[in-house]
Amino acid sequence: MSTTVEAVSERSAAEVNEEIRALWLRSGGTLTTEQREEYQRLVMEWAAATPEAS
């Protein structure tokens with residue numbers, strides 16, 4: 001499994017944040033091992049994402 005993160009996310013931070021929120025809602029607040037891996041990937045993507053222009 002690759003642990004590298006793309007330099008620039010193709011999605012905005014707001015888009016990735018929305019996916020993170022949806023993951024937590026689907027999980028009911030307790031993440032499985034697979035969900036935790038997805039969460040970690042999403043957080044790394046969120047950190048690399050650009051903010052939406054206002």
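Leaving aside its neighbours within four places in sequence, which residues is glutamate 19 in contact with? I would like to begin with that question, and to answer it straight away: glutamate 19 is in contact with Arg11, Glu38, Arg41 and Leu42. Please keep in mind throughout that what we have on the screen is a predicted model.

Let me first set out the whole chain, and then come back to that residue. The secondary structure of the protein chain comes to two helices and zero strands. The chain has 54 residues, and buried residues make up 22% of them. Its accessible surface comes to about 4,300 Å², and 53% of that surface belongs to carbon and sulfur atoms. If we take the contacts between residues at least 6 apart in sequence, 58% of them join residues at least 24 apart.

Now to the helices, starting with H1, which covers residues 13-27. H1 has 15 residues and reaches 21 Å from its first C-alpha to its last, close to the 21 Å expected at 1.5 Å a residue. The buried residues here are Ala13, Val16, Ile20, Leu23 and Ser27. Seen down the axis of H1, these buried residues fall within an arc of 80°, so they line one face of the helix. A general point helps when reading such a list: an α-helix has 3.6 residues a turn, so residues three or four places apart point the same way. On the face of H1 turned away from its buried side we find the exposed residues Glu18, Arg21, Leu25 and Arg26. Just after H1, glycine 28 takes a positive phi of about 70°.

The second helix, H2, covers residues 33-48. H2 has 16 residues, and from its first C-alpha to its last it reaches 23 Å, close to the 22 Å expected at 1.5 Å a residue. In H2 the buried residues are Gln35, Leu42 and Glu45. They cover an arc of only 85° around the axis, which puts them on the same side of H2. The face turned away from that buried side carries the exposed residues Thr33 and Ala47.

What do the buried residues of H1 pack against? They pack against H2, and the buried residues of H2, in turn, pack against H1.

That brings me to the largest nonpolar core, which is made up of five residues, namely Val16, Ile20, Leu23, Leu31 and Leu42. The largest share of this core, three residues, comes from helix H1. Leucine 42, which is one of the buried residues of H2, touches Arg11, Val16, Glu19, Ile20 and Leu23, not counting residues up to four places away in sequence. Leucine 31, by contrast, has its place in the loop between H1 and H2. Is leucine 31 buried or exposed? At 10% relative accessibility it counts as buried, because the cut-off for buried is under 20%. Leaving aside neighbours within four places in sequence, leucine 31 is in contact with Leu23, Trp24, Arg36 and Tyr39.

Two of those contacts, Trp24 and Tyr39, deserve a closer look. The count of aromatic pairs comes to one. The rings of tryptophan 24 and tyrosine 39 have their centres 5.5 Å apart and their planes at 75°, so the pair is edge-to-face. Tryptophan 24 lies in helix H1 and tyrosine 39 in helix H2, so the pair ties together parts that are 15 residues apart in sequence. Both residues are partly exposed: tryptophan 24 has a relative accessible area of 33%, and tyrosine 39 has one of 26%.

Let me return, finally, to glutamate 19, whose place is in helix H1. Glutamate 19 is partly exposed, with a relative accessible area of 23%. Along the chain, glutamate 19 and tryptophan 46 are 27 residues apart, and yet their C-alpha atoms are separated by 9.8 Å. Glutamate 15 also has its place in helix H1, and it is partly exposed, with a relative accessible area of 43%. From C-alpha to C-alpha, glutamate 15 and alanine 49 are 9.2 Å apart in space, although they are 34 residues apart in sequence.

To close, then, I would ask you to find the two helices on the screen, and to follow how the buried residues of H1 pack against H2.

How values were computed:
Residues numbered from 1 in each chain as written. Predicted model: local features only at pLDDT ≥ 70, side-chain atom pairs only at ≥ 80, totals over all residues. Heavy atoms only, no water. Helix = DSSP H or I, 4+ residues; strand = E, 2+ residues; numbered from the N terminus. Buried < 20%, exposed > 50% of the residue type's maximum accessible area, 1.4 Å probe, protein only. Contact = heavy atoms within 4.5 Å. Areas by Shrake-Rupley, 256 points an atom, 1.4 Å probe, with all protein chains shown as cover. Core = buried A, V, L, I, M, F, W, Y, C linked by side-chain atoms within 4.5 Å. Phe/Tyr/Trp six-rings, centres within 6.5 Å; stacked < 30°, edge-to-face > 60°. Expected span 1.5 Å × (residues − 1). Arc of directions from axis to C-beta.
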